[in-house]
Amino acid sequence: MSTEKDSMLRVRLTQRQSDELDAIIGELQAQMPEASVTTSSIARYALEKYVSDHIAKRDGTKIFIEVSTAHATEEDIKNLYDLISRLFDETKENYSPTVHYMVGEILEPVMMKMARLIKLKKPEVKAGE
């Protein structure tokens with residue numbers, strides 16, 4: 001159900017990006033069939049988010065952090081996870097609820113991603129073992 005507009009938007013994507021976009025569209029359509037998610041709608045959303053993020057960076061109203069885990073070992077990830085957990089707990093004890101909330105907003109997505117990375121690297125354990 002690809003339109004000419006959708007095809008034009010894909011021209012600059014690598015094959016991997018295009019495959020990932022298909023996976024995202026499939027996932028979103030499965031979750032919300034009524035939303036009619038297309039390449040065009042995702043491109044529009046991405047552009048709106050890019051502009052909003054650019055404004056937020058420029059105005060200093062949001063903090064953006066990108067950390068590569070490409071060269072991190074499983075031990076590195078586990079140690080970082082433990083360190084972040086302790087830091088988060090410490091903010092609850094020693095700082096205002098606002099600071100604790102902001103630290104949570106920064107660290108929680110990182111901790112969730114790290115938990116997934118740790119889980120992915122562990123061998124599968126079958127139920128009942």
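**Reading the helices from Ser 18 outward**

Q: Let's begin with a single residue. Which residues does Ser 18 touch, not counting those up to four places away in sequence?

A: Ser 18 touches Arg 10 and Leu 13, once residues up to four places away in sequence are set aside. Keep in mind that this is a predicted model. As for where the residue sits, Ser 18 is part of helix H2.

Q: Is Ser 18 buried or exposed?

A: The idea is to compare the relative accessible area with a cut-off: under 20% is buried, over 50% is exposed, and partly exposed lies in between. Ser 18 has a relative accessible area of 13%, so it is buried.

Q: Now for the whole helix. How do I read the span of H2?

A: You set the expected length beside the one in the model. Helix H2 covers residues 15-31, and at 1.5 Å a residue its 17 residues should span 24 Å. The end C-alpha atoms of H2 are 24 Å apart, so the two agree.

Q: Which residues of H2 are buried?

A: Here the general idea is about helix geometry. An α-helix has 3.6 residues a turn, so residues three or four places apart point the same way. In H2, the buried residues are Ser 18, Leu 21 and Ile 25. They cover an arc of only 55° around the axis, so they are on the same side of H2.

Q: What sits on the face of H2 turned away from that buried side?

A: That face carries exposed residues: Arg 16, Glu 27, Ala 30 and Gln 31.

Q: And what do the buried residues of H2 pack against?

A: Two helices. The buried residues of H2 pack against helix H1 (4-10) and helix H3 (39-59).

Q: Let's follow the chain to H3, then. How does its reach compare with the expected one?

A: Use the check we ran on H2. H3 has 21 residues and reaches 30 Å from its first C-alpha to its last, close to the 30 Å expected at 1.5 Å a residue. Just after H3 comes Gly 60, which has a positive phi, near 75°.

Q: Which residues of H3 are buried, and what covers them?

A: Thr 39, Ser 40, Asp 53 and Ala 56 are the buried residues of H3. Their cover includes H1 and H2.

Q: What about the loop between H2 and H3, where Pro 33 lies: is Pro 33 buried or exposed?

A: Exposed, because its relative accessibility is 60%. For a sense of distance, the C-alpha atoms of Pro 33 and Asn 94 are 46 Å apart, with their positions 61 residues apart along the chain.

Q: Next, charged pairs. How many salt bridges does a search of the whole structure find?

A: The search finds 3. In general you look for a side-chain nitrogen of Lys or Arg within 4 Å of a carboxyl oxygen of Asp or Glu. One of them joins the side chains of Lys 49 and Asp 53, at 2.8 Å from N to O. These two are 4 residues apart in helix H3, so about one helical turn separates them. Lys 49 is partly exposed at 38% relative accessible area, whereas Asp 53 counts as buried at 16%.

Q: What N to O distance goes with the salt bridge of Asp 59 and Arg 58?

A: Those side chains meet at 3.3 Å, N to O. Asp 59 is partly exposed, with a relative accessible area of 47%, and Arg 58 counts as exposed at 57%.

Q: Where do Lys 78 and Asp 82 lie?

A: Both are in helix H4, 4 residues apart, which is about one turn of the helix. Lys 78 forms a salt bridge with Asp 82, and their closest N and O atoms are 3.1 Å apart. Each counts as partly exposed, Lys 78 at 42% relative accessibility and Asp 82 at 29%.

Q: Which residues make up the largest nonpolar core?

A: To find a core, you link buried nonpolar residues whose side-chain atoms come within 4.5 Å. The largest one here has 9 residues: Ile 77, Ile 84, Phe 88, Val 103, Leu 107, Met 111, Met 114, Leu 117 and Ile 118. Helix H4 (74-94) and helix H5 (97-121) each supply at least two of them. H5 gives the largest share, 6 residues. Take one member, Val 103: leaving aside neighbours within four places in sequence, it is in contact with Phe 88, Thr 91 and Glu 108.

Q: Stepping back, which domains does the domain assignment give?

A: The assignment gives domain 1 (15-59) and domain 2 (74-121). Taken over C-alpha atoms, the centres of domain 1 and domain 2 are separated by 27 Å.

Methods: Residues are numbered from 1 along each chain as its sequence is written. This is a predicted model: local features need pLDDT of at least 70, side-chain atom pairs count only at pLDDT 80 or more; totals for chains, interfaces and linings use all residues. Side-chain values use heavy atoms; hydrogens and water are left out. The expected span of a helix is 1.5 Å times one less than its number of residues. Buried means under 20% relative accessible area, exposed over 50%, partly exposed in between (1.4 Å probe, protein chains only). The arc is that of the directions from the helix axis to the C-beta atoms. Contact means heavy atoms within 4.5 Å. Domain bounds come from an automatic or database domain assignment.
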